[in-house]
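Here is a request from a learner: please take me through the reading of a model, feature by feature, giving the general idea before the particular case.

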Amino acid sequence: MSDNIIEHLGKGAVRQPEDPRDLQAAFVLGAPVVDWSKEFRQPEPPNEDQGSSGSCVAQAWSYFHFQVHPLNWSRRDLYSRIFLPQSGAYLRDGGKQIKANGQATRDQAPDPSPETEAHMRSKDGITADMERIGLEADYLAVNGKSIDAVATAIVGAKGCVIGVEGTNAGWRDIANPRPPQDGDPGVIWGHALYCFGYHTHDGVKCVIAKSSWGDDGGTTVHHIKQNYFDSGFTFDGWTLIPKEQQPLYARYIVFHKPTGRQGILVVGETGFADAILWAKSEAMLADLKTQYEIPANAPTITLG
């Protein structure tokens, strides 16, 4: 594929400001433990084409939404609520909208053809009632710079949405792209991908990701290898928790290293519990463990 063709493919993922309030998937999925000796893939969603629009974030989240609930989700509905003035969107905002308001299907809110930027921003005919069919339980942050964290989410949460920054030269081999390098001509752009599998290439860890660049399989599936993650040109990372998994609880022991205090923390479908419950004594800690059903093998979160 020539640089010229890549240049005309829509993109649109924008690095977002960090937010300490983001609920981390690691609290629910646990520390990354991946068997890289065995290939793993979730079912691959049908191909999509974002056209000239910057709607890749809405496209990637819709692939993920299809994975957990296989309906024909409207990309326009989601993009029309999250687009940035300059085009494109933050990855977080796709999951945030699906949790808060849901997502309409294409039967209710048809996508335009072709999917131009102006057409994809249109909210014509879309109502809040339409969107409620697509309400989900939560969205959780993943370390998008860690290939092991992303692979863990692929198994434990049926996928992961990540952002990549790339150059036309680096994506000349579109199935096996490389990260930007010094001397690459042109601008560095951002693109959102839905990661649905992983394997190794000659011992090199690799995530299998899906793009929104048309019906040609050669432009739609990409192998994002360890060196891409190590380069710093992957960013963010999100999982979607479907509503039928509510209530989703994970329980932890908390250790405050500077003071030696111990407590417990329960993570639920709405995020953290009221607060970390600190124990004033070993007896109180034992009572808290019993009251909140903290298992004997609960993981420990160390603070400080």
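The dialogue below takes up a helix, the nonpolar cores, the cysteines and the charged side chains of this predicted model.

Q: What span should helix α3 have, and how far apart are its end C-alpha atoms?
A: The idea is to multiply the rise for each residue by one less than the number of residues. Helix α3 covers residues 56-68, and because its 13 residues at 1.5 Å a residue should span 18 Å, the 19 Å between its end C-alpha atoms agrees with that expectation.

Q: How many residues of α3 are buried, and which are they?
A: Buried here requires under 20% relative accessible area. By that criterion α3 is mostly covered, with 12 of its 13 residues buried; the buried residues are C56, V57, A58, Q59, A60, W61, S62, Y63, F64, H65, Q67 and V68.

Q: Which residues of the largest nonpolar core touch the most other members, and which elements give two or more residues to this core?
A: In soluble globular proteins, nonpolar side chains tend to be buried together. In this model the largest nonpolar core has 37 residues, of which V150, I162, W171 and C195 touch the most other members. The elements that give two or more residues to this core are α8 (147-156), β5 (160-166), β6 (189-201), β7 (204-210), α9 (226-230), β10 (250-256) and β11 (261-268), and the largest share, 6 residues, comes from α8. A second, separate core of 27 residues includes A13, C56, V57 and F196.

Q: What does C195 touch, leaving aside residues up to four places away in sequence?
A: With those residues not counted, C195 touches V150, I154, G159, C160, I162, V207, I208 and A209. C195 counts as buried because its relative accessibility is 0%, and C160 likewise counts as buried, at 0% relative accessibility.

Q: How many disulfides does a search of the whole structure find, and why is the sulfur of C195 not bonded to that of C160?
A: A disulfide is a covalent bond between the sulfur atoms of two cysteines. A search of the whole structure finds 0 disulfides. C160 is in no disulfide, and its nearest cysteine sulfur is that of C195; the two sulfur atoms are 5.6 Å apart, which is too far for a bond.

Q: How many salt bridges are found, and which parts does the pair E48 and R106 tie together?
A: Side chains of opposite charge can pair when their charged atoms come close. A search of the whole structure finds 15 salt bridges, one of which joins E48 with R106, the closest N and O atoms being 2.8 Å apart. E48 lies in the loop between β2 (40-41) and α3, whereas R106 lies in the loop between α5 (91-100) and α6 (117-120), so the pair ties together parts that are 58 residues apart in sequence. Both E48 and R106 are buried.

Q: How far apart are the closest N and O atoms of D184 and R178, and which residues are joined into one network by salt bridges that share partners?
A: D184 forms a salt bridge with R178, with 3.0 Å between the closest N and O atoms. D184 counts as buried at 17% relative accessibility, whereas R178, at 22%, counts as partly exposed. Salt bridges that share partners join E48, R75, R106, D111 and E115 into one network.

Q: Where does R81 lie, and is R81 buried or exposed?
A: R81 lies in helix α4 (residues 75-82) and is buried, with a relative accessible area of 19%. Polar contacts of 2.8 Å join the side chain of R81 to that of D77 and to that of Q97.

Methods. Residues are numbered from 1 along each chain as its sequence is written. This is a predicted model: local features need pLDDT of at least 70, side-chain atom pairs count only at pLDDT 80 or more; totals for chains, interfaces and linings use all residues. Side-chain values use heavy atoms; hydrogens and water are left out. Helices (H or I, at least four residues) and strands (E, at least two) are DSSP runs, numbered from the N terminus. Buried means under 20% relative accessible area, exposed over 50%, partly exposed in between (1.4 Å probe, protein chains only). A nonpolar core is a set of buried Ala, Val, Leu, Ile, Met, Phe, Trp, Tyr and Cys residues joined through side-chain atoms within 4.5 Å. Contact means heavy atoms within 4.5 Å. A disulfide is a pair of cysteine sulfur atoms within 2.5 Å. A salt bridge is a side-chain nitrogen of Lys or Arg within 4 Å of a carboxyl oxygen of Asp or Glu. A polar contact is a pair of N or O atoms within 3.5 Å; within protein, one must be able to donate a hydrogen and the other to accept it, and residues adjacent in sequence count only if both atoms are side-chain atoms.
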